[in-house]
2 protein chains.
Amino acid sequence: MAKYVIGFDLGGTKMAAALMTPKFEVKARSRQRSKAHESGDDIYGRIVNTIRDAVGEAKIDPKKELVGIGVGSPGPLDPETGTIIDCANLNWSDFPLGKKLEKEFGCPVVVDNDVNVGTYGEFHFGAGRGSKHLVGIFPGTGIGGGLVLDGRIYHGASGSAGEVGHMTLDPDGPNCGCGKPGCYEAYAGRNVIAAAAATVALRGQAPTLLKNKGSDVRTIRSGALKRSVAGGDKEVETVVRRAAYQIGILGANLINVLSPDTLVLGGGLVEAMPDLFRDEVKRALKTHAMPFLRKFCTLKIAELGDDATIMGAAKLVVEKIEA
Amino acid sequence: MAKYVIGFDLGGTKMAAALMTPKFEVKARSRQRSKAHESGDDIYGRIVNTIRDAVGEAKIDPKKELVGIGVGSPGPLDPETGTIIDCANLNWSDFPLGKKLEKEFGCPVVVDNDVNVGTYGEFHFGAGRGSKHLVGIFPGTGIGGGLVLDGRIYHGASGSAGEVGHMTLDPDGPNCGCGKPGCYEAYAGRNVIAAAAATVALRGQAPTLLKNKGSDVRTIRSGALKRSVAGGDKEVETVVRRAAYQIGILGANLINVLSPDTLVLGGGLVEAMPDLFRDEVKRALKTHAMPFLRKFCTLKIAELGDDATIMGAAKLVVEKIEA
């Protein structure tokens, strides 16, 4: 009898499951868009349904053939117990996701932070193959960070290490959404970039952006920024390059403290403009990382996109089963 | 027959050895001051003599009863092989210290970075007892950092992780001795503090310092700064407090990325003015560390002084023997 695991990505805008063999060959997939204003219990119900869909698609017997479920979830959460401590988006507070899924499907479940799990996916199957110490930076609305040290996800005392977007670029800088002054996210988060681009558009220096998206920060997402830069909006390019350089300063500082062998850049902004990000980050590393540590570190762009979390989650639960 | 290990601290100004039981009871000690302009081989010879002195003091038979030597050394070095890659102070370049001592004394030797080893000493025997994830910051001429993650010294890909003094406080700041702009060390290293204090003294606002030490940066060491502050030089106190606060911003950023359970402050400046440093660092943590991570972390002042390195080195070699 064959055995299968589920890798699950519980994202802000969608949830996705993949059923795969313990060798990580995908047999079936399912996904659903997130719905706004759903209750925590309804969201849980849809997670169960999404898993059942993948299982049904593959026509396997979940009672006998489904041997584990790995989940990448927003946090903060406790990776030891699989309890989501607090997640406003999902309407969960101290929600025992891991325990509930274990009871529902009668198999081991691992729940970890989505950025950690995505980083772990890249570590094993993507840009980080062959790495031992990997740091992932994922700029988007927030700037996520994942640490794989000595081959394992590093959680720290709180379970939530890796808040790289809330490290300090300027102690006297503008307030971040988290309330602290001068976080990298307050400079290079997507909404901040979008706001600066909107300002440029309003003063008539970004015709492509203005035509396509106007000046509503909410509508200026990674794709819009990419098209603006590609369309010749030089001042928008300057805005994005500055933010990318700041991400590079962050990367340099993570090299200085952690000396990883691999620095992976991923997330929506980087996927939209990989060359721009690679160039600016490389330039920043040259100025701000110690040469002796930098020479041990390779800069990579993430390779797996959304599959990073699904694959990383599957890997985590396979390790738990085989332990 | 009893068995003993040596813990060895190879410092910039002195070297010290302690012979102890595998339960870390010290049986004998020896130490020597460093000599200027000594050749690498002469320094090695004095290391051997210092160890022999401790062994002789305890009247044990090194061939039979000395079972291991642990050394904390300046680096960069390779902790796998015990080779010092490059150390100008010691006139060593690719110097196989570990292998040479193993041959000399016929027992296992561990060599690791002095700051790492000191941090490990505090972790096991000092301020970090009971910790699992500990970050040490040691402000002095340089600002050293040691990381003990999941109970083990973290080395990273280069073997030299933890260059916290060369993380960036201000990307556009003044050049550091390392050549990079705006490192914490370029703001809060002892010589920088001393230079600012000398300026204050020259403009007549630090009578105690001026009387005791004049305005030569070289002579204004931690003790002189302590006496100046204690003697009522308010402007010098402001200078030192600003630097201590900057060390606190560094600590906050290490909490944000690593989420340690313990943050230890040590080194000459902190030993001279522990309350001042504790106050300013605590204040900075409140502003710059994420509350969710900060609440898992206790701020401690190092307890072992110079013995941290000796004890940490002994612990490392006992672990190697018992592995």
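In this predicted model, A:Cys87 makes contacts beyond its neighbours within four places in sequence. The partners are A:Pro74, A:Gly75 and A:Trp92. A:Cys87 belongs to strand β6 of chain A. The residue is buried, and its relative accessible area is 7%. That value falls under the 20% limit, so A:Cys87 counts as buried. One of its partners, A:Pro74, is 13 residues away in sequence. In space, the C-alpha atoms of A:Cys87 and A:Pro74 are 6.9 Å apart.

Strand β6, which holds A:Cys87, also takes part in covering helix α3 of chain A. This helix spans residues 97-105. Four of its residues, A:Leu97, A:Gly98, A:Leu101 and A:Phe105, are buried. They lie on the same side of α3(A), because the arc they cover around the axis is only 95°. The opposite face, turned away from the buried side, carries A:Lys99 and A:Lys103. Both lysines are exposed. The cover over the buried residues of α3(A) comes from several elements of chain A. Among the strands are β1 (4-10), β4 (66-73), β6 (83-87), β7 (92-95) and β8 (109-113). Helix α1 (40-57) also contributes to this cover. After α3(A) comes A:Gly106. The phi angle of A:Gly106 is positive, near 65°.

The second topic is the interface between the two chains. Here 41 residues of chain A are in contact with 41 residues of chain B. Together the chains bury about 3300 Å², and carbon and sulfur atoms account for 67% of that area. Polar contacts link 18 residue pairs across the interface, counting pairs with both residues at pLDDT 80 or more. Salt bridges between chain A and chain B number 0.

On the side of chain A that touches chain B, four elements each supply at least two residues. They are strand β10 (143-149) and helices α9 (234-258), α11 (274-288) and α12 (291-294). Helix α9(A) gives the most, with 6 residues. By residue class, this side of chain A comprises 23 nonpolar, 13 polar and 5 charged residues.

Terms used: Residues are numbered from 1 along each chain as its sequence is written. Chains are lettered from A and ligands numbered from 1 in the order in which they are written. This is a predicted model: local features need pLDDT of at least 70, side-chain atom pairs count only at pLDDT 80 or more; totals for chains, interfaces and linings use all residues. Side-chain values use heavy atoms; hydrogens and water are left out. Contact means heavy atoms within 4.5 Å. Buried area is the accessible area (1.4 Å probe) that two parts lose on being put together, summed over both. A salt bridge is a side-chain nitrogen of Lys or Arg within 4 Å of a carboxyl oxygen of Asp or Glu. A polar contact is a pair of N or O atoms within 3.5 Å; within protein, one must be able to donate a hydrogen and the other to accept it, and residues adjacent in sequence count only if both atoms are side-chain atoms. Ala, Val, Leu, Ile, Met, Phe, Trp, Tyr, Cys and Pro count as nonpolar, Asp, Glu, Lys and Arg as charged, and the others, Gly among them, as polar. Buried means under 20% relative accessible area, exposed over 50%, partly exposed in between (1.4 Å probe, protein chains only). The arc is that of the directions from the helix axis to the C-beta atoms.
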